[in-house]
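Visitor: Hi, I've got this one open on my screen and could use a walk-through. Can we start with how the strands line up?
Guide: Sure, here it is.

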Amino acid sequence: MPLVNISILSGKSPEYIKAVGDGINSAVIETMGFPQDDRYQIIHQIDSDSLQIQGRDGDRVMMHLVMRAGRSNESKQAFYKKVVENLAANPGIPPENVVITITENHDIDWSFRDGVAQFIGYPDSEITKQKQAGP
Amino acid sequence: MPLVNISILSGKSPEYIKAVGDGINSAVIETMGFPQDDRYQIIHQIDSDSLQIQGRDGDRVMMHLVMRAGRSNESKQAFYKKVVENLAANPGIPPENVVITITENHDIDWSFRDGVAQFIGYPDSEITKQKQAGP
Amino acid sequence: MPLVNISILSGKSPEYIKAVGDGINSAVIETMGFPQDDRYQIIHQIDSDSLQIQGRDGDRVMMHLVMRAGRSNESKQAFYKKVVENLAANPGIPPENVVITITENHDIDWSFRDGVAQFIGYPDSEITKQKQAGP
């Protein structure tokens with residue numbers, strides 16, 4: 001969590017793609033209190049005429065996060081600020097061309113592996129055991 | 001707002017793609033009271049066997065809108081009707097092959113640019129100033 | 001309903017893609033009480049470095065379902081279990097590499113065809129008539 005769908009322009013280098021993914025991921029972890037390894041990202045490469053932000057033609061990115069309800073307004077605002085800073089620094093996407101939206105769901109609405117709803121706490125789930133064991 | 005993910009068959013012409021984007025965008029603006037320049041669209045090109053609507057094989061489109069809660073049922077119904085009309089007229093997608101779904105979120109869940117949550121009203125946001133200055 | 005966005009690794013065979021779509025679809029129908037023909041799927045092919053699950057590098061899939069609120073926790077848990085079983089059997093995706101999330105919406109938020117909100121019950125909707133006719 002969260003699951004992040006990211007749409008960038010097609011034809012970018014592996015370094016650009018990695019920078020986008022890393023910049024969003026570190027902002028998620030730093031500002032919204034997710035675990036270090038909580039990276040669930042899908043990066044879509046979209047042709048310029050199919051990635052429409054009010055007719056703008058510069059480098060640009062849109063992202064949609066799905067995550068559990070509960071983060072504060074302040075956390076979300078810190079995330080928006082940080083992710084735009086990160087993407088401006090590397091790979092150099094202008095802050096005015098970063099669009100972000102979030103939709104929220106609930107504990108029952110997630111299965112990260114093994115076909116179990118980890119937040120509901122299956123007793124035989126390895127992740128649940130780790131969660132119970134740990135920090 | 002709204003952010004619209006649109007999935008069409010791959011291999012279409014630029015004119016087809018533009019017609020789909022334009023037809024959806026003008027329906028959004030006309031029926032749900034969004035501003036004229038409120039275009040946030042991602043058009044995904046999907047192979048026929050990966051774009052499944054109950055086994056139908058004609059030309060087809062599925063779209064998912066994310067937008068703030070608050071539009072009336074009547075607005076949404078007017079949108080459905082209008083978007084299907086527009087896409088039938090150009091590029092000629094059969095009304096029976098248009099699938100639409102909407103999920104809603106809240107003011108805090110949007111950042112359109114600059115890493116700020118515009119609907120929450122950062123005092124230093126250019127868009128907030130424009131908004132305050134009036135339509 | 002539901003609309004399922006599925007992201008798999010790019011370069012897979014038509015048989016692999018069909019197995020993924022079929023395995024998810026039959027799990028949806030079997031565990032959550034949807035009609036037999038209720039298949040609305042978009043399968044996205046994503047390069048390995050753009051489909052990130054905590055740095056894992058094996059075969060993998062992430063899916064996001066949008067559906068109406070109302071399914072029980074037990075139904076959702078049965079779905080998670082079944083879909084992972086199906087995908088492990090064919091095309092052989094490891095259960096630890098299947099990520100699932102669900103977001104819910106409402107009756108008004110769907111139009112499956114013809115530009116009408118079928119769950120709201122337009123009297124002139126063919127689907128509404130079929131629904132009213134039974135079973």
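Visitor: Okay, which residue stands opposite L51(C) in strand 3 of chain C?
Guide: That's I42(A). Keep in mind that this is a predicted model.

Visitor: And which way do those two strands run, parallel or antiparallel?
Guide: Antiparallel: strand 2 (residues 40–46) of chain A pairs with strand 3 of chain C over three bridges.

Visitor: What holds strands together like that, in general?
Guide: Backbone hydrogen bonds, and the pairing in a sheet can be parallel or antiparallel.

Visitor: What's the strand order in the sheet that has 3(C) in it?
Guide: The order is 6(B)-5(A)-4(A)-1(A)-2(A)-3(C), an open sheet of six strands with mixed pairing. Strand 6 (110–111) of chain B and strand 3 (51–53) of chain C stand at the edges with a single partner strand each, so each has one side without a neighbour in the sheet.

Visitor: What lies across strands 4 and 5 of chain A?
Guide: Helix 2 of chain A does, and it also lies across strand 6 of chain B. Its direction is at about 145° to strand 5 of chain A.

Visitor: Let's stay with that helix. At what angle does it cross helix 1 of chain A?
Guide: Roughly 150°, with the axes of helix 1 (residues 14–32) and helix 2 (residues 73–89) of chain A coming within 8 Å. Angles over 145 degrees count as roughly antiparallel, and these two helices of chain A are therefore roughly antiparallel to each other.

Visitor: Left-handed or right-handed crossing?
Guide: Right-handed, for helix 1 of chain A passing helix 2 of chain A.

Visitor: Which residues meet there?
Guide: From helix 1 of chain A, the list includes A19(A), V20(A), I24(A), A27(A) and M32(A). On the helix 2 side of chain A, F79(A), V83(A) and L87(A) are among them. By class, the residues of this contact divide into ten nonpolar, five polar and three charged.

Visitor: Which charged ones could I click on?
Guide: Try E30(A) in helix 1, and K76(A) and K82(A) in helix 2 of chain A.

Visitor: How about chain B, at what angle do helix 1 and helix 2 cross there?
Guide: Roughly 150° in chain B, where the axes come within 8 Å. Helix 1 and helix 2 of chain B are therefore roughly antiparallel, and their crossing is right-handed. Residues that meet there include G23(B) and V28(B) from helix 1, with A78(B) and N86(B) from helix 2. By class, that contact has ten nonpolar, five polar and three charged residues.

Visitor: Switching topic: what rotation superposes chain B on chain A?
Guide: A rotation of 120° with 0.0 Å of shift along its axis, at an RMSD of 0.0 Å. The two copies are thus related as by a three-fold rotation axis. In chain B, the C-alpha nearest that axis belongs to T103(B), 4.6 Å away from it.

Visitor: And what takes chain C onto chain B?
Guide: A rotation of 120° with 0.0 Å of shift, again stated with an RMSD of 0.0 Å. In chain C, T103(C) has the C-alpha nearest the axis, at 4.6 Å.

Visitor: Why do you say the copies meet through different surfaces?
Guide: Because only 8% of the interface residues of chain B are also interface residues in chain A.

Visitor: Back to sheets. What's the order in the one with 3(A)?
Guide: That open sheet of six strands goes 3(A)-2(B)-1(B)-4(B)-5(B)-6(C), with mixed pairing. Its edge strands are strand 3 (51–53) of chain A and strand 6 (110–111) of chain C. Strand 3 of chain A runs antiparallel to strand 2 (residues 40–46) of chain B, joined by three bridges, and Q41(B) is the bridge partner of Q52(A).

Visitor: Anything odd in the backbone?
Guide: Most residues other than glycine have a negative phi, and most peptide bonds are trans. Here, a cis peptide bond joins N90(B) and P91(B), with omega about 15°. P91(B) is in the loop between helix 2 and strand 5 of chain B. In chain C, the bond from N90(C) to P91(C) is cis, with omega near 15°.

Visitor: And which residue has a phi near 65°?
Guide: D114(A), which is a residue other than glycine with a positive value. You'll find D114(A) in the loop between strand 6 (110–111) and helix 3 (126–133) of chain A.

Key
Residues numbered from 1 in each chain as written. Chains lettered and ligands numbered in written order. Predicted model: local features only at pLDDT ≥ 70, side-chain atom pairs only at ≥ 80, totals over all residues. Heavy atoms only, no water. Axes fitted to C-alpha atoms, helices over the stretch in contact; angles between N-to-C directions. Helix = DSSP H or I, 4+ residues; strand = E, 2+ residues; numbered from the N terminus. Parallel < 35°, antiparallel > 145°, perpendicular 65-115°, else oblique. Left-handed = near helix turned anticlockwise from the far one by under 90°. Contact = heavy atoms within 4.5 Å. Nonpolar A, V, L, I, M, F, W, Y, C, P; charged D, E, K, R; others polar. Least-squares fit on C-alpha atoms with pLDDT ≥ 70 in both. Pairing = 2+ DSSP bridges.
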